[in-house]
Amino acid sequence: MDLLKKKILEEGRVIGDGVLKVDGFLNHQIDVDLVYKMGESIYEHFKYKGVTKILTIEASGIGLACMAALFFKCKVLYAKKSATTNLGNSDLYTSHAYSFTHQTQNTVLISKKYLDKSENVLIIDDFLAHGEATNALIDLVNQAGAKLAGVSVAIEKGFQGGGDKIRESGIDLYSLAVIDKMNETDGVTFRKM
Ligand code: 5GP
């Protein structure tokens with residue numbers, strides 16, 4: 001999506017070789033007009049897939065998920081993150097995701113009440129890097145016996161491999177921008193699509 005790529009080039013900041021800061025429009029302050037258009041672009045890709053629910057993860061995925069949900073006219077469920085690994089609550093589906101950015105192991109959880117086998121789920125997140133967060137969300141969808149319509153992320157860091165593994169597994173992954181290379185000196189290089 002050209003508008004997002006332009007914004008990343010103008011305002012994104014590369015930290016070391018692995019982290020892109022987009023706090024000015026996505027991860028802290030939100031450029032609502034841009035994120036609304038991102039939601040519309042996601043809708044254009046998945047509009048014939050019969051999406052009934054959007055699943056994301058707190059906190060940074062929620063804004064984009066809500067904008068997309070306006071187009072799909074469906075509800076957004078966001079998985080909560082918890083530092084505790086052993087919740088033992090039978091009302092919850094739980095999975096695990098290691099965060100390379102924060103170097104923490106997170107338990108991600110949703111209430112069984114809000115996801116069941118009648119749903120056709122679209123997973124949305126802000127970033128896809130190694131695929132830990134996305135795969136934990138896919139695991140929750142599978143535990144609920146729901147269908148997976150696909151996955152969409154704002155920014156895929158292609159050089160960290162998570163996205164290509166998801167594509168290889170046959171899942172429809174739509175990334176609004178895929179970064180193939182980035183560093184502090186040369187900035188960001190996008191994958192040609
Ligand atoms: P993964 O689980 O795919 O390795 O990483 C995805 C999650 O880590 C996202 O939900 C996002 O919150 C965070 N993340 C990964 N890479 C970046 C990055 O370069 N910048 C920011 N702001 N967050 C990232």
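**Entry 1: the ligand's polar contacts**

I started with the ligand and looked for polar backbone partners. An oxygen atom of the ligand lies 2.8 Å from a polar backbone atom of A133. I then asked how much of the ligand the protein buries. Taken alone, the ligand exposes 500 Å², and the protein buries 88% of that. I note here that this is a predicted model.

I went on to E132. A polar backbone atom of E132 is 3.1 Å from an oxygen atom of the ligand. Next I checked L20. Here a nitrogen atom of the ligand is the partner, 2.7 Å from a polar backbone atom of L20.

**Entry 2: the shell and the pocket**

Which pocket holds the ligand? I found the ligand in the largest pocket. I counted the residues around the ligand and got 15. The closest are L20, A129, G131, A133 and K157. L20 and A133 I had already met through their backbone contacts.

I sorted the shell by class. Six residues are nonpolar, five are polar and four are charged.

Then I asked which elements supply the shell. β2 (19–21), β7 (120–128) and α5 (132–144) each give at least two residues. Which of the elements gives the most? I found that β7 does, with four residues.

**Entry 3: salt bridges**

I moved away from the ligand and looked up salt bridges. The structure holds twelve. I picked one pair to inspect, E11 and K7. Their side chains meet in a salt bridge, 3.0 Å from N to O. Where do E11 and K7 lie? Both are in helix α1, residues 2–11. They are four residues apart, about one turn of the helix.

**Entry 4: backbone oddities**

I finished with the backbone. As a reminder to myself, most peptide bonds are trans, and most residues other than glycine have a negative phi.

I looked for exceptions. The bond joining E58 and A59 is a cis peptide bond. I noted its omega as about -5 degrees. I placed A59 in the loop between β3 (53–57) and α4 (62–72).

K73 was my next stop. K73 is not a glycine, yet its phi is positive, about 55 degrees. Which loop holds K73? I found K73 in the loop between α4 and β4 (75–82).

**Entry 5: what I will look at again on screen**

I will go back to the backbone atoms of L20, E132 and A133 beside the ligand. After that I will revisit the cis bond between E58 and A59 and the positive phi of K73.

Key
Residues numbered from 1 in each chain as written. Predicted model: local features only at pLDDT ≥ 70, side-chain atom pairs only at ≥ 80, totals over all residues. Heavy atoms only, no water. Near = heavy atom within 4 Å. Polar contact = N/O pair within 3.5 Å; in protein donor to acceptor, adjacent residues only side chain to side chain. Areas by Shrake-Rupley, 256 points an atom, 1.4 Å probe, with all protein chains shown as cover. 1 Å grid on protein atoms, 1.4 Å probe; cavity = no way out; pocket = protein on both sides within 12 Å on 5 of 7 lines; lining within 4 Å. Sits in = over half its atoms within 2 Å of the grid points. Nonpolar A, V, L, I, M, F, W, Y, C, P; charged D, E, K, R; others polar. Salt bridge = Lys/Arg side-chain N within 4 Å of Asp/Glu carboxyl O.
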